[in-house]
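Me: Please take a close look at the aromatic ring pairs in this model, and describe carefully how they are arranged and how far they are shielded from the surroundings.

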Amino acid sequence: MRAAHLVIALCCVSVGLAGVPAVAGAPPPSQLCGVCGPGVANDAQIDGATGHGTLDVYVNETGDSRWHARVPVTTSVANRYRTNVTALEAAVDDAWARYHVADGDVRAVETTLEGDTVVVNYTVEDVARRGVGDTWIIEYFATGTSPTHYQLVADRLTIHTPEGTAITNTIPAATVDGNAATWTTENGNEWDSDFDDQTYITYGSGGILDTVRGYATIGLETGPTALAHGVRGGVVPAVSIAIVGIVIGRTERGYTTVDAATLEQVIVAIGVIGAGGFLVVGAISTGTGIAPDAVALTSLGVGYALLGSAGCRLGGRLGTRGLAGLSVLAAITTAAVSLLLVGPPMDAYPFCLGLATALCLPIGHAFARGRTPIALIAVAALTPIAAIAVTSPHPVSGYGMALFSLLFLPWAVCVAMFGYPLALLGRHLALDDRYCR
């Protein structure tokens with residue numbers, strides 16, 4: 001229990017320390033619609049507005065765009081604007097948010113009135129550029145390592161790619177229909193935006209080939225930075241996990257007192273209790289469904305239990321390589337459970353942490369046979385680097401290696417705690433030469 005409390009404490013301290021610079025250094029949120037306020041950072045809005053309105057962004061064949069905002073106003077105010085164009089233009093000028101996504105890039109503003117709706121059109125150049133082959137990518141809404149973050153503000157935002165094209169990548173929180181990706185305020189709360197700060201949109205003529213080209217374009221765009229972040233932030237946790245792998249592989253403590261059958265029962269019990277417990281607690285704590293964090297922990301429990309049971313029954317026939325394959329399968333199962341319960345996009349962290357822990361089974365088996373499994377230890381050590389790289393680039397990367405090391409060092413503690421029983425089981429499978437049952 002003391003070790004478990006230590007892990008929880010480390011996680012809490014890590015998250016707390018990470019939040020201090022993140023909150024302190026973050027600028028106010030940028031509104032996606034410049035005239036649809038008010039927003040968190042300002043109270044500006046069109047005089048007489050009765051709602052936040054909508055924003056449509058139309059991208060043309062050359063990568064430039066036209067932004068079309070529609071904000072409803074009261075009938076009396078609409079009548080005043082209809083007879084006084086100067087008042088209408090002044091109201092729109094006063095409504096521009098101090099912080100909005102196209103700040104500094106807005107060109108050719110046109111203001112009109114359609115019924116009781118104020119319509120503001122403006123252009124923004126170079127929103128999209130050509131990618132791999134005939135694919136295009138909209139990277140205008142990706143903040144990279146900047147601490148900038150977005151607020152939707154508008155009731156609806158739709159980004160339209162050129163006519164005759166189709167969006168070819170999956171976009172988190174957006175509804176994609178052909179050449180249009182749409183975001184809406186969640187539960188009618190204008191302060192709550194699901195628009196991701198690293199939004200990339202790829203489009204082309206459609207089909208599997210264009211989908212591959214689209215993801216290749218995103219990979220070329222984000223790959224170098226993601227790899228740099230992964231190596232910079234994950235090197236210390238990687239070394240720690242490598243040391244854990246060597247230590248638990250060489251340690252025989254508990255081998256003579258706990259047999260393989262008992263280890264199987266312990267591993268399966270931990271996995272089942274953890275999976276069920278986290279699922280129930282997560283559902284109760286939110287009250288609105290299953291929390292993603294609880295699902296991640298649940299999936300790890302499921303994979304852990306399955307690996308203990310399958311390893312004990314099949315390990316005597318598989319050898320080190322077979323157990324390595326079984327470990328990878330358990331990690332894939334972990335990812336599949338997360339995907340099933342939460343849906344795409346899949347979180348890479350449960351898969352990576354699950355893989356590092358699962359590989360302790362073949363690592364223990366190999367050491368018991370007198371071999372040093374350098375490749376297996378290296379793969380386990382690379383998991384924090386991979387996890388950081390998959391989610392990069394993001395602003396926290398700018399705070400340096402020390403922060404990431406602090407955030408991911410608890411991984412090494414978790415791998416040691418939950419991996420050691422698997423390593424002992426691997427040792428039994430290598431030396432006992434008999435099945436668990």
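Reply: In this predicted model, tyrosine 140 has a relative accessible area of 17%, which lies under the 20% limit, so the residue counts as buried. Phenylalanine 141 is buried as well, with a relative accessibility of 1%. The ring centres of tyrosine 140 and phenylalanine 141 lie 5.5 Å apart and their planes stand at 80°, and because an angle over 60 degrees counts as edge-to-face, the pair belongs to that class. Both residues also take part in a cluster held together by ring pairs, whose other members are Trp67, Trp96, Tyr122, Tyr150, Trp183 and Phe195. Counted over the model, the aromatic pairs number 10.

Another of these pairs joins tyrosine 304 and phenylalanine 418, whose ring centres are 5.9 Å apart and whose planes meet at 85°, so that this pair, too, is edge-to-face. It connects distant parts of the chain, since tyrosine 304 sits in helix α6 (residues 292–342) and phenylalanine 418 in helix α10 (residues 401–431), with the two positions 114 residues apart in numbering. As for accessibility, tyrosine 304 is buried, its relative accessible area being 9%, whereas phenylalanine 418, at 33%, falls between the limits of 20% and 50% and therefore counts as partly exposed.

Note on methods: Residues numbered from 1 in each chain as written. Predicted model: local features only at pLDDT ≥ 70, side-chain atom pairs only at ≥ 80, totals over all residues. Heavy atoms only, no water. Phe/Tyr/Trp six-rings, centres within 6.5 Å; stacked < 30°, edge-to-face > 60°. Buried < 20%, exposed > 50% of the residue type's maximum accessible area, 1.4 Å probe, protein only. Helix = DSSP H or I, 4+ residues; strand = E, 2+ residues; numbered from the N terminus.
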